[in-house]
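Student: Please show me the sequence and the structure. I would then like to go through them one question at a time.

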Amino acid sequence: MAESYTVTEGNYFRKKKIQHGILYAVLTLVAIYTLAPLYFLIVNSFKSNVEIIASPLAFPTTWTASYIVEAAKQIHFFSSLVVTAFVTVLSVLLIVLVSSIGAWIMVRNKTKASNFVYLLFTAAMLIPFQSVMYPLIQIFGDMGLKNIPGLIIMYGGFGLAMSTFLYHGFVKGVPLGVEEAALIDGCNIFQIYSNVVMPLLQSVTVTVIILNSMWIWNDYLLPFLVIGNSTVNSGGILTTHKTLTLELYFARILAGQYGNPWQLIFPSVFISIIPMVIVFLSLQKYIVKGVAAGAIKS
Amino acid sequence: MIPKPIRLTTIIEGIIMNIYKKWFWPLVAPALILFAAVVLVPFIVGFVNSFLAWRGTYYFNPETNSRATSFFQSFVGLTNYKEAFQDERFMNAFWYTIKYAIVAVISINVVALALAVFLDSISKGAGPFRTIFFLPNMLGGLALGFIWQFIFQIVYTDILFAPDALLHAEFLRYMTQDTTKALFALVILNVWQYAGYMMIIYTAGLNNIPTDFYEAASLDGATAWQKFRKITVPMLMSSFTICLFMVIANSFKLLDQNVALTDGDFNTRMLALQILRTTKDSTPPNYGKAQAQAVIFFVIIAIISIIQVRATSKRELEY
């Protein structure tokens, strides 16, 4: 009796082991599949067009940076990187400030007006960008805001609904007691907000920053509509104020007129995604957690 | 009779509530103004404009065939909507988007759930896998679309599925040059990019299921499939709600990948791209018609989202 028991137990563990082996094999295959396009991207960023077509999967015969340098010039890498970072940082800052303080006071002052405002923001999450974009561009154009500041304001307005919703959910978990204690200590309303409430909302702030940055950094449509292919005259020098994604789009359009010059497209895509890959790899723990938290609360 | 003593905390609570009340409008104003300027006003203007002969930079008067001098001269009733529904390209885009959404929602969620369950059942090394699967989400749809365009045009067509290759599959060749194939190309690209995101949400859901449920089921002799069917799926209902909602919304709004992969050629325009290109389809640009399409687009998304959230939340388990 005892013997048969150990035999089945042995079987059970052997079966488990095989199952695990299969699982690891499947997951490894999926991981290779997931990384394959990025492998193509890297190896083909160092090849000529002829070489890319002839041997798309192989390592480059010589690792030359000339195509990358050429692409960096084509998409004005450094200026567009600065523009993209500037727009993303300021937009996210605007979203965080405006939505956190708004959501906090909405939770704290439970009135009909407050509920209505909250409902308005929640319902607005259903509005797709396409159904407001043409009037938006027209109105902002009339106000002289078809430029970088206008772009930041637009991102601010669009990020608001979801961020307010997220903050609203988290503020409910902040005990009123700490705010009362701060009041007794002589804090005014802004001190209560910045010294007591915001530190307690750190985790949701990380989520709001991540979700909005991912979207704004990579967005193509809004910069396309607001900035387009225009040039800016700054001190007699014509410069462009395009974001990375927008530069990439126009580089592709330009390249597309003469077939598919992959030798330009690959290195352009390569350098344009490097900043995001670096950010992700260094902050991946927070990003994965933040994304999960954001989805679960909503 | 001695009056009930008022407690100190009650007084403080009263004071702080008054402060909140006093500061409500000043503190909510920035959000409201920003929201009104960017979303609410353009939304209302857009709705009004969908009934006008709007040409983008000016309003047209169809009766005198010249620029309208007043708002009412440009009023065309439901003409823009009628034109939108008669527009073959718009109707094509509509059905194309629906078909894409159905295939994408199923594929992305099945892959994401499978990955989440697999990662949940291995003991070691789940972290690096999770990082790799999530990585494509960080990158822009446009940039990734260009890479995948190359994969479909060169790697799939000439290497993996070529006639002399190990696995000859004509359906997987020249995928960006055919209406139906391009739909599946878009699905392949978006499963690759999006499944990792949904996987994270399913993983969070799986972590919330108490392990003793599974232990109890094992004691009763349940098979792995039975446990999945009877424990995992019902307990994951709220994750399903979130994931379905997100993937449906994203499928309907898909634009970047559509632009990058085919740019709408070969009748592959989806709704978002159709609205963007309607103003380029005619001279002078018919912004009124584009705006009517945009309003229809909003109604579709709103209805689907509401139905979907209602239907799935009903089945959510409370415990």
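Student: In which helix of chain A does Met276(A) lie?
Tutor: Residues are numbered from 1 along each chain as its sequence is written, while chains are lettered from A and ligands numbered from 1 in the order in which they are written. This is a predicted model in which local features need pLDDT of at least 70 and side-chain atom pairs count only at pLDDT 80 or more, whereas totals for chains, interfaces and linings use all residues. Helices (H or I, at least four residues) and strands (E, at least two) are DSSP runs, numbered from the N terminus. By that numbering, residues 262-297 of chain A, with Met276(A) among them, form helix 13.

Student: Is Met276(A) buried or exposed?
Tutor: A residue is buried if 20 or more other C-beta atoms lie within 10 Å of its own, exposed if 12 or fewer, and partly exposed in between, with C-beta atoms placed from the backbone. Met276(A) has 20 other C-beta atoms within 10 Å, so Met276(A) is buried.

Student: Which residues does Met276(A) contact, leaving aside neighbours within four places in sequence?
Tutor: Two residues are in contact if their C-beta atoms, placed from the backbone, lie within 7 Å. With those neighbours left aside, the contacts of Met276(A) are Trp217(A), Met138(B) and Leu139(B).

Student: What distance separates the C-alpha atoms of Met276(A) and Met214(A)?
Tutor: Along the chain, Met276(A) and Met214(A) are 62 residues apart. In space, the separation of their C-alpha atoms is 8.5 Å.

Student: How many residues does chain A give to its contact with chain B?
Tutor: Both chains contribute to this contact. Chain B supplies 72 residues, and the number from chain A is 71.

Student: Which element gives the largest share of the side of chain B that touches chain A?
Tutor: Several elements of chain B give two or more residues to this side, including helix 3 (88-121), helix 6 (179-207) and helix 12 (287-314). The largest share is 25 residues, and it comes from helix 1 of chain B.

Student: How many residues on that side of chain B are nonpolar?
Tutor: Ala, Val, Leu, Ile, Met, Phe, Trp, Tyr, Cys and Pro count as nonpolar, Asp, Glu, Lys and Arg as charged, and the others, Gly among them, as polar. On the side of chain B that touches chain A, 8 residues are polar and 5 are charged. The number of nonpolar residues there is 59.

Student: Which residues have the most contacts inside the largest nonpolar core?
Tutor: A nonpolar core is a set of buried Ala, Val, Leu, Ile, Met, Phe, Trp, Tyr and Cys residues joined through C-beta atoms within 7 Å. The largest one has 166 residues. Those with the most contacts inside it are Val269(A), Ala112(B) and Met198(B).

Student: Which residues does Ala112(B) touch, not counting those up to four places away in sequence?
Tutor: Ala112(B) has just been named among the residues with the most contacts in the core. Its partners, under that sequence limit, are Ala195(B), Met198(B), Met199(B), Tyr202(B) and Cys243(B).

Student: How far apart are the centres of the domains of chain B?
Tutor: Domain bounds come from an automatic or database domain assignment. Chain B is divided into domain 1 (8-74) and domain 2 (81-314). Taken over C-alpha atoms, the separation of their centres is 33 Å.

Student: What is the radius of gyration of chain B?
Tutor: Chain B has 12 helices and 2 strands. The radius of gyration is taken over C-alpha atoms, and the globule rule is 2.2 Å times the number of residues to the power 0.38. For 319 residues the rule gives 20 Å; chain B is well over that, so it is more spread out than a compact globule, with a value of 27 Å.

Student: And what is the radius of gyration of chain A?
Tutor: Chain A has 13 helices and 2 strands, and its C-alpha trace spans about 90 × 70 × 35 Å along its principal axes. A compact globule of 298 residues would have a radius of gyration near 19 Å. The value for chain A is 26 Å.

Student: How many residues of helix 7 of chain B are buried?
Tutor: Helix 7 of chain B covers residues 211-219 and is followed by Gly221(B), whose phi is positive, near 80°. This helix has 9 residues, and it lies largely in the open because the number buried is 0.

Student: Where is confidence lowest in chain A?
Tutor: pLDDT is the predictor's confidence in each residue, from 0 to 100. The mean for chain A is 88, and helix 4 (residues 77-108) of chain A is highest at 95. Where pLDDT is low, the predicted coordinates should not be read in detail. In chain A the lowest mean, 61, belongs to strand 2 (residues 237-239).
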